[in-house]
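Work through the three exercises below with the sequence and the coordinates open beside you. Try each task before reading its solution.

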Amino acid sequence: MVRVPAWSGPRPRAERQVRVCEGGVVNVRMWELSTVEVAERIAAGCTTAVVVAGSTEQHGPHLPTFTDSYQAHAIGERFAERIGALLAAPIPVGCADHHLAFPGTISLPEPVLIDIVEAYAASLFLGGFTRVVVFSTHGGNFGPLERGTDRLRERLESPGRRVVVLSDLNAYVAGYTAALTQAGLPISALPHAEAAETSIILAVHPELVKMELAEPGFTGEVPLEKLVSDGLAAVTPNGVLGDPRGATAEIGEECLANVVDALEDMLRAAE
Ligand SMILES: [Zn+2]
């Protein structure tokens with residue numbers, strides 16, 4: 001487990017450099033490359049693979065159920081570009097029992113998610129990658145990944161093979177908070193289908209956002225543990241935590257860049 005005690009905040013634009021592998025990786029989406037291209041990238045020194053656990057779950061009346069997985073694609077791609085890695089096909093479902101009262105939600109048991117992550121990493125090592133960096137874009141996966149880190153490392157690590165799990169939810173939320181504060185919007189202690197997530201989907205899939213249906217949900221404080229144990233329906237009738245109004249694609253890009261900064265800081269702390 002890697003923790004960054006205090007995130008230093010968004011980085012100046014000039015420092016948000018894209019580090020490409022030798023030979024210049026333009027496309028980091030591994031599933032769009034041929035096996036020959038993947039082998040060439042690895043041979044050129046692109047030996048880190050990024051694995052992101054998303055989720056398919058309710059995101060209020062205005063966002064698609066694939067919201068967290070679209071974020072997995074968007075953040076995973078930007079992060080892989082930033083660190084000079086390749087992105088494995090993001091895991092499209094996660095641990096979302098606390099959303100099951102809302103239709104469209106699909107949830108995995110915790111051991112199944114960890115098994116999937118282990119299978120991903122084992123496959124990637126066999127293919128020649130030497131480091132696998134794992135993170136999540138869905139709050140409900142952070143606990144399972146944190147609890148599963150020791151097992152993943154014990155089973156997968158050997159000289160020349162490293163697994164790094166970045167599971168600090170606070171640093172992640174700080175990236176959203178910084179972007180909303182900069183835009184003068186209210187923040188949510190635990191963002192879900194609020195302005196940050198709505199802004200991100202406006203940035204990456206605007207055709208899937210129904211802003212006319214965007215309404216505030218529960219805007220008070222609630223501990224993550226309570227949400228996970230009681231379910232969101234007990235707290236917020238429309239499934240939203242926070243307020244989605246005021247979301248824009250520009251704020252979404254800022255959120256994405258901030259989260260990539262936070263992930264890069266976490267990775268540096270782990271090196
Ligand atoms: Zn979400």
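The exercises that follow concern a loop residue, a strand and a cavity in what is a predicted model.

**Exercise 1. Determine where Thr236 is found, whether Thr236 counts as buried or exposed, and which residues its side chain meets.**

Step 1: begin with the location, for Thr236 is found in the loop between α7 (224–230) and α8 (249–270).

Step 2: turn to accessibility, where a residue counts as buried under 20% relative accessible area; Thr236 has a relative accessibility of 0% and therefore counts as buried.

Step 3: look for polar partners of the side chain, which makes a polar contact of 3.0 Å with the side chain of Asn238, while a polar atom of the Thr236 side chain also lies 2.7 Å from the backbone oxygen of Val240.

Step 4: list the contacts of Thr236, leaving out residues up to four places away in sequence, and the result is Phe102, Gly217, Phe218 and Leu241.

**Exercise 2. Describe how strand β3 (residues 131–136) is covered, and identify the strands with which β3 pairs.**

Step 1: count the buried residues of β3, which number 6 of 6, so the strand is mostly covered by the cut-off of under 20% relative accessible area.

Step 2: separate the two faces, and it appears that both are covered, since Arg131, Val133 and Phe135 on one side are buried, as are Val132, Val134 and Ser136 on the other.

Step 3: take the pairing with strand β1 (residues 48–53), which is parallel and runs over 6 bridges; within it, Val52 has Phe135 of β3 as its bridge partner.

Step 4: take the pairing with strand β4 (residues 162–165), which is likewise parallel and extends over 4 bridges, with Val134 standing opposite Val165 in β4.

Step 5: follow the chain from β3 to β4, which passes through helix α4 (residues 139–156) in a β-α-β crossover that is right-handed.

**Exercise 3. Establish how many cavities of 30 Å³ or more the structure holds, and state which residues and helices line the largest cavity.**

Step 1: recall the principle that rolling a probe the size of a water molecule over the atoms shows where empty space is left.

Step 2: apply the volume limit, at which the structure holds 1 cavity of 30 Å³ or more, and note that the largest cavity contains about 250 Å³ of space.

Step 3: examine the lining of the largest cavity, which consists of 22 residues, with His138, Gly139, Gly140, Pro191 and His192 lying nearest its centre.

Step 4: assign the lining to helices, of which α4, α5 (169–182) and α7 each supply at least two residues, and α5 gives the most, with 4 residues.

Terms used. Residues numbered from 1 in each chain as written. Predicted model: local features only at pLDDT ≥ 70, side-chain atom pairs only at ≥ 80, totals over all residues. Heavy atoms only, no water. Buried < 20%, exposed > 50% of the residue type's maximum accessible area, 1.4 Å probe, protein only. Polar contact = N/O pair within 3.5 Å; in protein donor to acceptor, adjacent residues only side chain to side chain. Contact = heavy atoms within 4.5 Å. Pairing = 2+ DSSP bridges. Right-handed = clockwise from strand over helix to strand, strands pointing away. 1 Å grid on protein atoms, 1.4 Å probe; cavity = no way out; pocket = protein on both sides within 12 Å on 5 of 7 lines; lining within 4 Å. Points joined across faces, edges and corners; volume = space filled by probe spheres on them.
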